[in-house]
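Let's take a walk through this fold together, one stop at a time. Please bring up the sequence and the model side by side.

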Amino acid sequence: MPRQNILTGSPWEDKMGYCRAVRIGNTIEVSGTVAVVDGEKVKADDAYAQTQNILERIEKVLEQAGASMKDVVRTRIFTTDITQFDNIAKAHGTYFKDIKPTTSLYEISKLVAPEYLVEIEFTAIVE
């Protein structure tokens, strides 16, 4: 089966030697993704907006891979502040209320930079 690497132009892709997503056959794995914190719409203290931003960005990545959010079967959510559960869950639910992938939410001590509250990994299987 051919391998399709989906790149987004992030400087981390070359620095770390990774891509945003890989599709082999009908399976797509998406790397851990953080929000684009811009200080206006997505702030460093807003877990809801960060989660929304991640989901919006990954929706586009999945489209590049020939899939959609309805093909997501698993999300893994990492947060530096578990008290933000309700905000993260609310944003996640806006995309996955009817799809209902399996999911996990973990509190971790840090992400790659202090402004990130949330990072999400995705697995999608295209029927």
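How many salt bridges does a search of the whole structure find? The search finds three. Please keep in mind that we are looking at a predicted model. As background, side chains of opposite charge can pair when their charged atoms come close. Let's visit each pair in turn.

Start with K41, which forms a salt bridge with E56; the closest N and O atoms of this pair are 3.7 Å apart. K41 sits in the loop between β3 (27–34) and α2 (47–64), while E56 belongs to helix α2, so the pair ties together parts that are 15 residues apart in sequence. If you colour by accessibility, K41 will show up as exposed, with a relative accessible area of 57%. E56, its partner, is partly exposed, at a relative accessible area of 26%.

The next pair to find is K70 and D71, a salt bridge in which the closest N and O atoms are 3.5 Å apart. Is each of these residues buried or exposed? K70 has a relative accessible area of 61% and is exposed. D71 has 7% relative accessibility, and because buried means under 20% relative accessible area, D71 counts as buried.

The remaining salt bridge joins R76 to E121, with 4.0 Å between the closest N and O atoms. This pair links distant parts of the chain: R76 is in strand β4 (residues 72–79) and E121 is in strand β6 (residues 118–125), which puts the two residues 45 apart. Both ends can be described in the same terms, taken one by one: R76 is partly exposed, with a relative accessible area of 24%, and E121 is partly exposed, with a relative accessible area of 26%.

Now turn to the helices. The axes of α2 and helix α3 (residues 85–96) come within 7 Å and cross at roughly 30 degrees. How are these two helices arranged: roughly parallel or roughly antiparallel? Angles under 35 degrees count as roughly parallel, and α2 and α3 are therefore roughly parallel to each other. The crossing of α2 and α3 is right-handed.

With that pair of helices in view, pick out some residues along them. In helix α2 you will find L55, which is buried, with a relative accessible area of 0%. Its C-alpha atom is separated by 8.9 Å from that of M69, which is 14 residues away along the chain. E63 also lies in helix α2, but at 53% relative accessibility E63 counts as exposed. From E63 to V22 the C-alpha distance is 13 Å, and these residues are 41 apart in sequence.

Moving over to helix α3, look for D86. At 59% relative accessibility, D86 counts as exposed. D86 and A47 are 39 residues apart in sequence, with 9.3 Å between their C-alpha atoms.

The loops on either side of α3 deserve a stop too. T80 lies in the loop between β4 and α3, and at 23% relative accessibility T80 counts as partly exposed. Measuring along the chain, T80 and A91 are eleven residues apart, and their C-alpha atoms are separated by 16 Å. In the loop between α3 and β5 (102–107) you will come to K100. What is phi of K100 near? Phi of K100 is near 55 degrees, a positive value in a residue other than glycine. K100 counts as exposed, at 61% relative accessibility.

Our last stop is on the surface. Which residues make a nonpolar surface patch of about 340 Å²? The patch is made by W12, M16 and V112. M16 is found in helix α1 (residues 11–16), and M16 is exposed, with a relative accessible area of 58%.

To retrace the route, go back to the three salt bridges, then to the right-handed crossing of α2 and α3, and finish at the patch made by W12, M16 and V112.

Terms used:
Residues numbered from 1 in each chain as written. Predicted model: local features only at pLDDT ≥ 70, side-chain atom pairs only at ≥ 80, totals over all residues. Heavy atoms only, no water. Patch = residues over 30% accessible without salt bridge, like charges linked within 9 Å, V, L, I, M, F, W, Y side chains within 5 Å. Areas by Shrake-Rupley, 256 points an atom, 1.4 Å probe, with all protein chains shown as cover. Salt bridge = Lys/Arg side-chain N within 4 Å of Asp/Glu carboxyl O. Helix = DSSP H or I, 4+ residues; strand = E, 2+ residues; numbered from the N terminus. Buried < 20%, exposed > 50% of the residue type's maximum accessible area, 1.4 Å probe, protein only. Axes fitted to C-alpha atoms, helices over the stretch in contact; angles between N-to-C directions. Parallel < 35°, antiparallel > 145°, perpendicular 65-115°, else oblique. Left-handed = near helix turned anticlockwise from the far one by under 90°.
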